[in-house]
Amino acid sequence: MTDSNIFEKVSMHVTRGCLVVLINFELVDQAIIEIQKRILERVHSSEVKGIILDLSELEIADSFLGNAIKNIARTAALLGTTTVVTGLKPGVVASLVELEIEFENIQTVLKLEDGFQILTNLMKITDRELDEENKYEE
Amino acid sequence: MNATVNEKKLELSSLKAMLENLVDGVISINQNGIIQSVNPAVEKLFGYHKDEIINKNIKILMPEPDHNQHDQYLKNYLTTGVAKIIGIGREVTGLRKNGTTFPLELGISEIKTDDESVFVGVLRDITERKRDNELLNSALDSLREMSTPILVVANKILLLPLIGSIDSQRAQMAMESVLQKIQECEARVAIIDIQGVPGVDSAIASHLIKIIKATKLMGCNCIITGISPEVAQTLANLGIGLQDITTESSLKEGLKLAYGLLGLQLQESKDHFSGMASAKERIK
């Protein structure tokens, strides 16, 4: 498989103020780095406030993928964006735990729906905070 | 001179007595595979009289495929010198006179003279040992199956009562089944009750922490219940922090908390009898 094929397969959509990334095949290390780059570029250009990484199609994970996810979340946080990981399968979870990879500040939920819920709640809170700040300025 | 001959004689006859009374079968064959001698145990094992098998090819004591291959095995060894079984020992199958087969543990040693080799095999019937092993394994299997039940106590709430000591294998199984169940039921809260775990040491604690991390990755809140004062003390003494982990002393409290996390409320009926009555009414 050539590289360009791989990226056509990764679907990225901006919806409800979130960037939804569906990773639906086992990635080789080089591809992970490339996807990481693309996600961050997209976050930057579209100014979304949340990223949902949907891994529900993956059956297993390695340390490289685990660290890449952590990396995406950390870098996205610098751009003011929160990352939520959805749809981890038992096999993926077992391998992450076995490899002692910890998603310190990344929320993980089972369903995409719940991921949206978390991010929209978060956005509402930030909006409210902003409103309150604006009030003071007025 | 006489003394040494006598000593040798004594040695030989004591060796013979040993062979005669040995529980294990001993067979010697020449390099063509022809049986030279057997001890009484062989007669008992295979059901032949020794006159029936001496001077016969050893393969008459073997079922297929060894029966047809044995001559080749010998030839291979004699030409290449590569031992597949000599000096190594192996589990093989024996063929009795009545046609039944049985498992054997076989060890072979080679005795070399100037122009010829003699092979001596020692065989032990391991039917019983194998049966005992299988029995033990199946018992262990069923014990393992029984050991990690997962109950769906309410919508999106799972209960994993752990009973007995936990080794890494059990912990692994518990983790796998709880993850599977979380996915199936889309559970939001998993309660692990460790009241039935006799003692918690650092190994068990680390297994538990692994399970808890895994459930968190599945988007599940994990509550540990049934921590006895002794266990709490041990954990504290071991310096194992359960800071990020929600713990409750009893299952009752754990359930209450679980309901709370789901935004539900567990209500205690003030009047026990009216509660029962209305519950019965609902069942009808």
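The following paragraphs describe the sheets of chains A and B and the interface between the two chains in a predicted model.

The account begins with chain A. Its five-stranded sheet is open, with the strands in the order 1-2-3-4-5 and with mixed pairing. Strand 1 (11-15) and strand 5 (107-109) of chain A form the edges, and each of them pairs on one side only. On average, neighbouring strands of this sheet are turned by 20° against each other, with direction ignored. Helix 2 of chain A, spanning residues 29-46, packs on the sheet and touches strand 1, strand 2 and strand 3 of chain A. The direction of helix 2 makes about 20° with that of strand 1 of chain A. Two of the strands beneath this helix, strand 2 (residues 18-22) and strand 3 (residues 50-54) of chain A, run parallel and are joined by five bridges. Within this pairing, Leu22(A) has Asp54(A) as its bridge partner in strand 3 of chain A.

Chain B also contains an open sheet of five strands, in this case with the order 6-7-8-9-10 and mixed pairing. Strand 6 (151-154) and strand 10 (246-247) of chain B each have a single partner strand, so one side of each is left without a neighbour in the sheet. Strand 10 of chain B runs parallel to strand 9 (221-225) of chain B, and two bridges join them. Opposite Ile223(B) stands Thr246(B), in strand 10 of chain B. Helix 7 of chain B lies across strand 7 (157-163), strand 8 (189-196) and strand 9 of chain B. Relative to strand 8 of chain B, helix 7 runs at about 165°.

Further strand pairings in chain B involve strand 5 (residues 117-125). Strand 5 pairs in the antiparallel sense with strand 1 (residues 25-30) of chain B over six bridges, and Gly25(B) stands opposite Leu123(B) of strand 5. Strand 5 of chain B also pairs with strand 4 (residues 101-112) of chain B, again in the antiparallel sense, over nine bridges. In this second pairing Leu104(B) stands opposite Asp125(B). Strand 4 and strand 5 of chain B form a hairpin, with four residues between them.

The two chains meet at an interface in which 15 residues of chain B are in contact with 15 residues of chain A. The area buried between them is about 1,400 Å², and carbon and sulfur atoms give 65% of it. On the side of chain B, the residues that lose the most area to chain A are Lys210(B), Leu217(B) and Met218(B), which together account for 42% of what that side buries.

Polar interactions also cross this interface. Three salt bridges are counted between chain B and chain A. Lys210(B), one of the residues that lose the most area, forms a salt bridge with Glu98(A), in which the closest N and O atoms are 3.2 Å apart. Six residue pairs are in polar contact across the interface, with both residues at pLDDT 80 or more. The elements of chain B that give two or more residues to the side touching chain A are helix 6 (168-185) and helix 7 (202-217). Helix 6 of chain B supplies the largest share of that side, six residues. By class, the side of chain B that touches chain A consists of six nonpolar, four polar and five charged residues. Helix 7 of chain B thus appears in two settings: it lies across strands of the chain B sheet, and it gives residues to the side that touches chain A.

Technical notes:
Residues numbered from 1 in each chain as written. Chains lettered and ligands numbered in written order. Predicted model: local features only at pLDDT ≥ 70, side-chain atom pairs only at ≥ 80, totals over all residues. Heavy atoms only, no water. Pairing = 2+ DSSP bridges. Axes fitted to C-alpha atoms, helices over the stretch in contact; angles between N-to-C directions. Contact = heavy atoms within 4.5 Å. Buried area = accessible area lost by both parts, 1.4 Å probe. Salt bridge = Lys/Arg side-chain N within 4 Å of Asp/Glu carboxyl O. Polar contact = N/O pair within 3.5 Å; in protein donor to acceptor, adjacent residues only side chain to side chain. Nonpolar A, V, L, I, M, F, W, Y, C, P; charged D, E, K, R; others polar.
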